[in-house]
Protein chains: 2
Amino acid sequence: MSKAAQSRGSLYDHVYVVIMAGGSGTRFWPLSRRKKPKQLLGLFGGSTLLEQTVDRVKGIVPPERIYVFANSMVRAQMVRLLPGIPERQIVAEPAQRNTAPTVGLAANEILSRDPDGIMAILPADHVIQKPGAFREALKAGCRWATTEGRSVILGIQPTGPETGYGYIRLGGPAINAGREKIYRVENFTEKPALAAARKYVASKRYLWNAGMFIWRASTLLANLRKFQPAMAEGLDRIAAAGGIDNLRALKRLFPQLEKISIDYALMERIDGVSAVAADIGWSDVGSWAVAYDLSSKDADGNVRPENSICLDSKGNMLVGGRKHLVTIGVENLVIVDTGDALLVCARDQSQKVGKAVQELERLGKKNLL
Amino acid sequence: MSKAAQSRGSLYDHVYVVIMAGGSGTRFWPLSRRKKPKQLLGLFGGSTLLEQTVDRVKGIVPPERIYVFANSMVRAQMVRLLPGIPERQIVAEPAQRNTAPTVGLAANEILSRDPDGIMAILPADHVIQKPGAFREALKAGCRWATTEGRSVILGIQPTGPETGYGYIRLGGPAINAGREKIYRVENFTEKPALAAARKYVASKRYLWNAGMFIWRASTLLANLRKFQPAMAEGLDRIAAAGGIDNLRALKRLFPQLEKISIDYALMERIDGVSAVAADIGWSDVGSWAVAYDLSSKDADGNVRPENSICLDSKGNMLVGGRKHLVTIGVENLVIVDTGDALLVCARDQSQKVGKAVQELERLGKKNLL
């Protein structure tokens, strides 16, 4: 950290939050649509997951240092939803190029504002049930990235042998970590088989990779120049043309960048990555079944709106608007009613919702996607 | 039969059909409502059960000799639905007094048109899958009531030990029945226990009482005078005031008549009742489960509209409007979507739909009833 920076008030004055809000999943169909992806749903606690992501960093990072990267179909909605964030910082990606190009674009933008800028990459569509613990982990990661100049990943302490996540293998505690739960990262493992996942969890040497990274913008760009020189060059051209403020150049140049995740592009290649072990009640809410688990239930284990009647029914999740929903003698279903579509799905098969959406696509039902 | 009547062309020139369309069941909620009872649903074959009831007697009885008795909430709909039937013959009952008062009212009306009138009482909300066989049974019953002056009941040959129906115990074949399946009725039994129902069916001496009766109007009224003198007197007062054409008198006098079924009031009291054994593919369609049984299914046993997708789903009944219905991994459900309500019900528990409607009533949700 430069002396000028250290002379300021807060340790976190150089921290910028980059919210990755470009996701366009189908797993919450029919509630989620192309124009209403998961991060714009108010499934948990009323406000959208995107708003909750912004709210969680309040007190550490002010809105002026928050960026949101979205797809162009939903940017306008996000601008309306986040009036505190300067409009130019809610950026429509001209194309979906996975995470690395977006992170690089953000890094150049932040570096142009602050040579000492620290960027925290956070996904927009996760649930974090312990926001206090999250803030502590984020702050620890920011301190580590600031004072040690490390690439930091916030890793999630596993709660079970999930096979759907990437795992981070830890070495010993990081030098100088003191009482912080900061470890050296040995390597990254993509989605493992169940047996391997069981071993990982039992060993207590693994964390889940939740896509939350922290590093100095300058460090990230230096690494990008080393490991992804073509991308770094492309990003330089975008920066020279005006960065996020020159939409025309962005539209022309951004789609030329390699479509690759920041994990593959950098994280798995560079040495000296550190991980903060975060016990923050995290979920990526990957299906209706997970949404059920995260929701509050009545005495029969039903998640349901007020205007519903559940007779002899247990373990169901009912989602609807003003319509009156009635169930009789059914168990463990997900029932989601929207104006134009209805889903009735066995809760333990909600991972197949995407298949139904593919089928709608095949049938040309564009207005339902 | 009088000589004048015999000189006319058809044996059935004196037959009048009285369709009992006053039912207001809740068992097909949310499709059926107070203003759209079962007889006005187009669940089977497009046209409503009421229209099908009228269509079935075509070729035997012309519309000018058909009467429909309905409740006042739905009479106007029925008038629109049945343009062939003279409007005055679609009668709004001023109160629900069960079947006997309505049958008596109809008898007086018919007698005033035709001293030799034969009346066939038919429910409006049943399914009959063999209309040809039904017509033959109806004609046999009409002939029997005409030439023998009997009270005739069309009884259904049981297809299983149903405990929800009344049973008719048969004596031997009626004298002069010839090759017709006409029997003497020994007695009526209300809904039996399962063991008794099994015995009844095995004995082959029982028919189901489906509420279809045929008799001379004059015979019926004579019996009414004998067994229900107060009701007969009340009906006389209504007739003197103008019968079905004096709505004001009807509104005042009709509700004073005893609320009693024609079965209790007469059928079980009079001697010499005959039964025609009818094998007509009959169902009273008492629940969504029965509606499922009666409907055509796809290869996976799903009853479903075109704009639906059933993934790994079997044995479901999907009913909806323009909305796209999607099921995943569910079996044996009834799913009914209307603009304002949605029912998801285990098929084998669809007899509980009425309970849900009671609950809506208790909650004061009048617009959903």
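Superposing chain A on chain B takes a rotation of 179° with 0.0 Å of shift along its axis, and the fit comes out at an RMSD of 0.1 Å. The two copies are thus related as by a two-fold rotation axis. This is a predicted model, scoring ipTM 0.88 and pTM 0.89.

The two chains put 30 residues each into the contact: 30 from chain A and 30 from chain B. On the chain A side, the elements giving two or more residues are strands S12 (308-311), S14 (324-328) and S15 (333-337), along with S16 and H12. S16(A) is the top contributor, with six residues. By residue class, the side of chain A that touches chain B splits into 17 nonpolar, eight charged and five polar. The copies meet through the same surface, since 100% of the interface residues of chain A are also interface residues in chain B.

Helix H12 of chain A, residues 353-362, is worth a look in this context. Its buried residues are Val353(A), Ala356(A), Val357(A) and Leu360(A). They sit on the same side of H12(A) because they cover an arc of only 100° around the axis. The spacing fits the usual helical pattern: an α-helix has 3.6 residues a turn, so residues three or four places apart point the same way. Turned away from that buried side, the opposite face of H12(A) carries the exposed residues Gln358(A) and Arg362(A). The cover over the buried residues of H12(A) draws on both chains, and includes helix H11 (288-294) and strand S16 (341-346) of chain A as well as strands S12 (308-311) and S14 (324-328) of chain B. After the helix comes Gly364(A), with a positive phi near 75°.

The picture in chain B can be read off in the same order. In H12(B), again residues 353-362, the buried set is Val353(B), Ala356(B), Val357(B) and Leu360(B). Looking down the axis of H12(B), these residues fall within an arc of 100°, so they line one face of the helix. Gln358(B) and Arg362(B) are exposed on the other side. Here the cover over the buried residues includes H11 (288-294) and S16 (341-346) of chain B, plus S12 and S14 of chain A. H12(B), too, is followed by a glycine with positive phi, Gly364(B), near 75°.

Within chain A, the domain assignment gives domain 1 (3-283) and domain 2 (288-368). Taken over C-alpha atoms, the centres of these two domains are 31 Å apart. Contact between them involves ten residues of domain 1 and 13 residues of domain 2. The domain 1 side of that contact is made up of seven nonpolar residues, two polar and one charged.

Two residues of chain A give a local view. Ile90(A) is found in strand S3, residues 90-93. It has 23 C-beta neighbours inside 10 Å and therefore counts as buried. Leaving out residues up to four places away in sequence, Ile90(A) touches Val68(A), Ala70(A), Arg75(A), Met78(A), Val79(A), Leu82(A) and Ile85(A). Val18(A) is 72 residues from Ile90(A) in sequence, yet the C-alpha atoms of the pair are 9.9 Å apart in space.

Glu258(A), by contrast, lies in a loop, the one between helix H9 (247-253) and helix H10 (262-267). With 14 C-beta neighbours inside 10 Å, Glu258(A) counts as partly exposed. Beyond its neighbours within four places in sequence, Glu258(A) is in contact with Ala230(A) and Met231(A). Met231(A) is 27 residues away along the chain, and the C-alpha atoms of Glu258(A) and Met231(A) are separated by 6.7 Å.

As for confidence, chain A averages a pLDDT of 93, and 98% of its residues score at least 70. Among the elements of chain A, strand S4 (residues 118-123) has the highest mean pLDDT at 98, and helix H1 (residues 3-6) the lowest at 45. Over residues 1-7 of chain A, pLDDT stays under 50, and the model has seven contacts beyond four places in sequence for this stretch. Where pLDDT is low, the predicted coordinates should not be read in detail.

How values were computed
Residues are numbered from 1 along each chain as its sequence is written. Chains are lettered from A and ligands numbered from 1 in the order in which they are written. This is a predicted model: local features need pLDDT of at least 70, side-chain atom pairs count only at pLDDT 80 or more; totals for chains, interfaces and linings use all residues. A residue is buried if 20 or more other C-beta atoms lie within 10 Å of its own, exposed if 12 or fewer, and partly exposed in between; C-beta atoms are placed from the backbone. Helices (H or I, at least four residues) and strands (E, at least two) are DSSP runs, numbered from the N terminus. The arc is that of the directions from the helix axis to the C-beta atoms. pLDDT is the predictor's confidence in each residue, from 0 to 100. Domain bounds come from an automatic or database domain assignment. Ala, Val, Leu, Ile, Met, Phe, Trp, Tyr, Cys and Pro count as nonpolar, Asp, Glu, Lys and Arg as charged, and the others, Gly among them, as polar. Copies are superposed by least squares on the C-alpha atoms of residues with pLDDT of at least 70 in both.
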